[in-house]
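User: Please take a close look at one loop in this model, starting from how its place in the chain is defined. Then relate the loop to the rest of the chain, in connected prose.

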Amino acid sequence: MPELPEVETVRRGLTNLVESAKVKTIDVLYPKMINVSAKEFKDTLEGHTINRIDRRGKYLLFRFDNKMTLVSHLRMEGKYDVEPDGTEPTKHTHIIFHMDDDRELRYKDSRKFGRMYLVKNGDEKTLSGIGTIGPEPTDETLTFDYMKSIMNKARGKIKPFLLNQSNIAGLGNIYCDEVLWLTKIHPETQTNLITDEEIEELRKNIIAEIKMAIKGHGTTVHSYSNAYGEAGSFQNHLHVYGRKGEPCERCDTLLEKIKVAQRGTTFCPNCQRKVVE
């Protein structure tokens with residue numbers, strides 16, 4: 001599933017491509033993908049302009065000039081691209097926005113897991129997924145005091161804690177493995193046993209890693225690509241994810257892979273020692 005850096009990369013690409021563009025007509029080829037009828041979807045958005053595109057966690061928010069927001073969740077394989085009007089759609093093209101400048105904004109999804117929600121501006125917070133998202137991983141919003149407070153109360157393992165979007169926005173399997181390795185924390189360490197010094201270091205690493213991943217246009221896994229159809233390059237800078245059996249960059253110990261919260265998890269058994277109470 002695309003994580004925050006990948007979704008932010010898509011947002012920036014779409015902003016360059018379709019911000020201020022007017023939607024002329026819409027083809028809804030897979031109605032199950034949207035939360036309203038195809039007719040209501042078309043009636044609400046046709047003839048209106050995309051004022052800007054925001055992001056919250058892993059969700060894209062298309063803000064229209066009629067005070068409506070289209071919330072888009074890419075899930076596993078969702079992607080957007082822009083084609084000349086009239087280009088033959090692929091079998092995985094499910095929604096087509098025909099713009100008034102002879103271009104089409106297309107949503108493609110080989111698994112059909114992606115979803116779109118049409119709501120009034122501000123009402124996106126009422127959606128079950130987006131309404132409970134924790135702070136974004138930035139210096140301003142992800143504070144040490146906040147992390148210390150929620151981590152001291154937690155009793156589960158640290159990796160599932162980080163994967164939980166209600167704690168921190170946007171982290172997925174890849175970046176959880178990376179920031180835990182950077183901070184030398186075992187993924188199964190009980191969250192409330194992590195020291196203040198480690199919390200601060202973890203916070204800094206989360207913020208820095210996400211920032212660097214965005215700069216590298218995200219990590220390409222499976223079929224991820226940005227709005228221009230280009231693959232990200234940050235996978236070339238990963239320290240542990242996907243490197244089971246390779247030597248740790250710090251100590252040369254062979255990296256191991258286990259399952260934590262049903263997710264494949266790669267770590268260094270020497271650098272990341274499990275803390276027990």
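Analyst: A strand is a DSSP run of type E with at least two residues, and strands are numbered from the N terminus. In these terms, the loop in question runs between strand E4 (68–73) and strand E5 (79–84), and Arg75 is found there. The model is a predicted one. Although Arg75 is not a glycine, its phi is positive, at about 55°. Its relative accessibility is 28%, so Arg75 counts as partly exposed.

The strand that follows this loop leads to the aromatic residues. Tyr80 lies in strand E5 and is paired with Phe62 of strand E3, 18 residues apart, so that distant parts of the chain are linked. How is this pair arranged? The ring centres of Phe62 and Tyr80 are 5.5 Å apart and the planes meet at 55°, a tilted arrangement. Both rings are enclosed: Phe62 counts as buried at 2% relative accessibility, and Tyr80 is likewise buried at 2%. Ring pairs also bring in Tyr107, which forms a cluster with Phe62 and Tyr80.

The structure holds three aromatic pairs. In one of them, the rings of Phe41 and Phe97 have centres 6.3 Å apart and planes at 50°, so this pair is tilted. Phe41 belongs to helix H2 (residues 38–45) and Phe97 to strand E6 (residues 93–99); with their positions 56 residues apart, this pair also links distant parts of the chain. Phe41 is buried, its relative accessible area being 0%, and Phe97 is buried as well, with a relative accessibility of 3%.

These four aromatic residues also belong to the hydrophobic packing. The largest nonpolar core has 31 residues, and Phe41, Phe62, Tyr80 and Phe97 are among those with the most contacts inside it, together with Leu14, Leu60 and Ile95. Helix H1 (residues 4–18) supplies the largest share of this core, five residues. A second core, separate from the largest one, has 27 residues, including Leu4, Leu202, Ile210 and Ala213.

On the scale of the whole chain, there are two domains: domain 1 covers 4–126 and domain 2 covers 144–267. Their centres, taken over C-alpha atoms, are separated by 29 Å.

A second positive phi allows a comparison with Arg75. Ala261, also a residue other than glycine, has a phi near 55°. Ala261 sits in the loop between strand E9 (256–260) and strand E10. At 46% relative accessibility, Ala261 counts as partly exposed.

Strand E10 (residues 263–267) contains Arg263. In an unreviewed entry, UniProt lists Arg263 under "active site", along with Pro2, Glu3 and Lys58. Is Arg263 buried, partly exposed or exposed? With a relative accessible area of 36%, Arg263 is partly exposed. Beyond its neighbours within four places in sequence, Arg263 is in contact with Lys159, Leu163, Asn173 and Ile258. Lys58, which is also on the UniProt list, is placed in the loop between strand E2 (50–56) and strand E3 (59–64). At 11% relative accessibility, Lys58 counts as buried.

The UniProt record, again as an unreviewed entry, also places a feature named "domain: FPG-type" at residues 239–273. The C-alpha atoms at the ends of this span lie 17 Å apart, and the span is 0% helix and 29% strand.

Finally, the cysteines. The structure holds zero disulfides. Cys176 takes part in none, and the nearest cysteine sulfur, that of Cys268, is 18 Å away. Cys176 counts as buried, at 0% relative accessibility. Why is the sulfur of Cys268 not bonded to the closest cysteine sulfur, in Cys251? The two sulfur atoms are 3.6 Å apart, which is too far for a bond, since a disulfide requires cysteine sulfur atoms within 2.5 Å. Cys268, too, counts as buried at 0% relative accessibility.

To return to the loop that opened this account, Arg75 combines a positive phi of about 55° with partial exposure at 28% relative accessibility. Strand E5, at the end of that loop, carries the buried Tyr80, whose relative accessibility is 2%.

Conventions:
Residues numbered from 1 in each chain as written. Predicted model: local features only at pLDDT ≥ 70, side-chain atom pairs only at ≥ 80, totals over all residues. Heavy atoms only, no water. Buried < 20%, exposed > 50% of the residue type's maximum accessible area, 1.4 Å probe, protein only. UniProt positions renumbered as here; feature names shortened; annotations may be inferred. Helix = DSSP H or I, 4+ residues; strand = E, 2+ residues; numbered from the N terminus. Core = buried A, V, L, I, M, F, W, Y, C linked by side-chain atoms within 4.5 Å. Contact = heavy atoms within 4.5 Å. Domains from an automatic or database assignment. Phe/Tyr/Trp six-rings, centres within 6.5 Å; stacked < 30°, edge-to-face > 60°.
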